[in-house]
Amino acid sequence: MVPSETSAGRRRFLKLLAASPLLAYPGLSPRWMEAIGRAQEDAVISSVREALDVFDFETVARKNLLPEHWAYLATGVDDDSTIRANREGFTRYQLRMRPLADFSKLDMSIQLFGTKWNTPIVLCPVASLKGFHTEGEKGVARAAKAKGVLQALSTMTSTPVEEVNKERGEPVWYQLYARDQWSETLKMVKRVEAAGCPALLWTVDLLGGSNRETFRRAQPREGVRAPLCKNCHEGLKKPMYAGLAEQAGGEGGGTTVFTWDDIKRLKDTTQMKLLVKGIQTREDAELAIAHGVDGIVVSNHGGRAGASGRATIESLPEIATGVGRRIPIILDSGIRRGTDIFKALALGATAVGIGRAYVFGLAAFGQEGVEAVLDILRRELQMVMRQTGATSVAKITRASLVDRFDAIPSPASSHSSGNR
Amino acid sequence: MLARVGVMALLMAIFPARFSIQAQSARDPAPHFIISGTSTVRAWSCPAQGVTKVIAGKSSQPVPGFPHGVQTVEVRIPVKAIACEDAMMVEHLRDALNEKTYPEIVYQMTEYTLTGADTAQANGKLTITGVTKPIRLDVKLSPSSNGVRSVGETSIDLTQFSIVPPVIWQGLLKVGKDVRIRFDALLPPSERAGGFHE
């Protein structure tokens, strides 16, 4: 069911009004402020049927979540510039519209390690999903099963991998944070492999640490809301750490220094496919291939790792050139639209991962919300494929895009041609 | 909070009733309900299974799957059938619903009106913990060779049923008063008019 254009337009206007700088005007009437406040409430959707895009779920998620939990989801690093860059990076690439292709048969399927998926969308690993909705990872797994989407589970999952696999109906991919003690990493890898997981994503973009100021500022001061958070978190241990030795530091934050030599250690440990997650340069993509990885994930952890200020979509072209189709490339970070997915595929990605996008859906409406987010992104991608004449993922190529930076002639070329 | 969640589950039971406009009582498969709501920490949802009994009509307005219409629909959800993933929520739910005194949530449809080729609006009564309120539900009916699928949802304000949304942890966690109930069930189509179908 598609919401009426009238209600959608009204919601957009109210959102624009709520964001207006006029709200800061000290002389604004209290009645105006009250009316705008009510309008902001009205602008929040009350069911998935009202959603037009992924951003509609973000609004509900923020409203539903404890501020500390929202801050964990929303945070970047330093001044959150990399999060912004991830979104802004997509504006660099424009679409070349070619609407007269025969799109009566549209094929969105892809192949990854011999498995066919009916969509190039991947559900990225995100920590502690029960913190966003009681359904947590199981709700996401049910949604992934219903929509036939590949799901990757975080080491920081709030549900054991065995239970997630059962809910999904097949083993999921597993994202690994290596432990300081190699023996402990080995235990986790063996457990995951015994659960049937076919692929391991070793996350490397947090090895240098991260400065998540937005999240840290949202933490309760002692005596203020602290009892609530302590009730939720104190004494709790992540299920994938069961039976493992304690480690100082949080998510990915151990003290051991890992290098490319550890790729071989991991590959010698398991039969699972090994992907390295957090590749952001051509050099590292080529090193990954040289060290025998089976795939890479071009990622800056959703802007939550380093303060590169560089969008993953802008890193992708050099990486795709270096990889030369030898191994699959998954891109994540900043995906919110079908056009974002299309651009990533056009620039060389084999598949595209979403993180916050589906967690917004989960936090808003549980499994139903995740399914709705997937439906919206799928629908948007189908539309842009039709509009650009790409009737299959294989036909989404670099020629489907224009890089705005390419349109600017260099001073050297214009001088040599005699142009002024 | 969780006790009130139970109430929500009851509400969900009510909505399933709409779907039970389908030909026969849903024992196999049982209609599936999902009650969902919010709190100051996170949103939540609890599934529930119920039993629906439908008495086909002899004339009235035919609906998809019921060529002679529907005389009445009754849905009963055992409080014990509400199955939140969190065990603590289940415990609080049963306490809040006073399961020992009121073991079931009951919905009875009193009348309905076709609103489209495959949609209907049903009026009825919902009884939770001894309190009865009128309820109006909207349902979409989709007949197929396997049966008739009934889908719909509605929202209820707990306070309208004299239910105070639960508060725990010295008031730091508060459950929202608005609960949403979704129903999705596949029921075999009616093959005869009149009588009681189970």
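Student: How many bridges join β9(A) to strand β10 of chain A?

Tutor: Three bridges join β9(A) to strand β10 (residues 329–331) of chain A, and the two run parallel; strands here are DSSP runs of E with at least two residues, helices are runs of H or I with at least four, and both are numbered from the N terminus. Two strands pair if DSSP finds at least two bridges between them. This is a predicted model, in which local features need pLDDT of at least 70 and side-chain atom pairs count only at pLDDT 80 or more, while totals for chains, interfaces and linings use all residues. Residues are numbered from 1 along each chain as its sequence is written, and chains are lettered from A and ligands numbered from 1 in the order in which they are written.

Student: Which residue of β10(A) is the bridge partner of Ile296(A)?

Tutor: That partner is Ile329(A). β9(A) also pairs with strand β8 (residues 273–279) of chain A, in the parallel sense and over four bridges, and there Val298(A) of β9(A) is the bridge partner of Ile279(A).

Student: OK, and which helices go with those strands in β-α-β units?

Tutor: Helix α12 (residues 282–290) of chain A makes a right-handed unit with β8(A) and β9(A), and helix α13 (residues 312–323) of chain A makes a right-handed unit with β9(A) and β10(A). Right-handed means that, with the strands pointing away from the viewer, the path from the first strand over the helix to the second runs clockwise.

Student: Are the residues on the two faces of β9(A) buried or exposed?

Tutor: Gly295(A) and Val297(A) on one side, and Ile296(A) and Val298(A) on the other, are all buried, where buried takes 20 or more other C-beta atoms within 10 Å of a residue's own, exposed takes 12 or fewer, partly exposed lies in between, and C-beta atoms are placed from the backbone.

Student: Switching topic, where does Asp78(A) lie?

Tutor: Asp78(A) lies in the loop between α4 (67–74) and α5 (81–88) of chain A, and its phi is near 50 degrees, a positive value in a residue other than glycine.

Student: Why does Asp78(A) count as partly exposed?

Tutor: Because Asp78(A) has 15 C-beta neighbours inside 10 Å.

Student: Last thing, how many residues of chain A are in contact with chain B?

Tutor: 18 residues of chain A are in contact with 15 residues of chain B, contact meaning that the C-beta atoms, placed from the backbone, lie within 7 Å. α10 (226–233) and α15 (356–365) of chain A each supply at least two residues of the side that touches chain B, and the largest share, three residues, comes from α10(A).

Note on methods
Two residues are in contact if their C-beta atoms, placed from the backbone, lie within 7 Å.
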